[in-house]
Amino acid sequence: MMRWISGVGLALVLLTVGSAGAAPDFASLQVQPYQPPKPAPAFALPGLDGKVTRLGDLRGKVVLVFFWATW
């Protein structure tokens, strides 16, 4: 088992060292590169008390939007 782990580690090192200067080829690895998140669109929702809450009013706070439906 240790020999297998050592072999895998060596293979990873050789792959990393051999392509250190080249940009990763994401298409051949079949993965998508990380895309930074986009800002949420502006929206407003009425609360149970009838007061409207806008997303912009919560700037700087952590917001969890959970839409629930019964269909």
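**An exposed phenylalanine and its surroundings**

At 62% relative accessibility, F67 counts as exposed, since the cut-off for that label is over 50%. This is how the residue comes out in a predicted model. F67 sits in the segment that follows β2 (52-54), and it has company: together with F43, L45, V63 and V65, F67 makes a nonpolar surface patch of about 430 Å².

Stepping back to the whole chain, there are two helices and two strands, and reading from the N terminus the order is α-α-β-β. Buried residues account for 0% of the 71 residues. The accessible surface of the chain adds up to about 7300 Å², and carbon and sulfur atoms hold 66% of that.

How far the model can be trusted varies along the chain. The average pLDDT is 78, with 70% of the residues scoring at least 70. Helix α1 (residues 2-18) is where confidence is lowest, with a mean of just 59, while β2 has the highest confidence, at 94. Where pLDDT is low, the predicted coordinates are not to be read in detail.

The loops offer a couple of residues to look at. One is Q30, which belongs to the loop joining α2 (26-29) and β1 (44-46). Q30 is not a glycine, yet its phi is positive, at about 60°. With a relative accessible area of 73%, Q30 is exposed, as the threshold is over 50%.

The other is K51, placed in the loop between β1 and β2. K51 is exposed as well, and its relative accessible area is 58%. Leaving aside residues up to four places away in sequence, K51 touches L45 and P46. L45 has already come up as one of the residues in the nonpolar patch, so the contact list of K51 includes a member of that patch.

Key
Residues numbered from 1 in each chain as written. Predicted model: local features only at pLDDT ≥ 70, side-chain atom pairs only at ≥ 80, totals over all residues. Heavy atoms only, no water. Patch = residues over 30% accessible without salt bridge, like charges linked within 9 Å, V, L, I, M, F, W, Y side chains within 5 Å. Areas by Shrake-Rupley, 256 points an atom, 1.4 Å probe, with all protein chains shown as cover. Salt bridge = Lys/Arg side-chain N within 4 Å of Asp/Glu carboxyl O. Helix = DSSP H or I, 4+ residues; strand = E, 2+ residues; numbered from the N terminus. Buried < 20%, exposed > 50% of the residue type's maximum accessible area, 1.4 Å probe, protein only. pLDDT = per-residue confidence, 0-100. Contact = heavy atoms within 4.5 Å.
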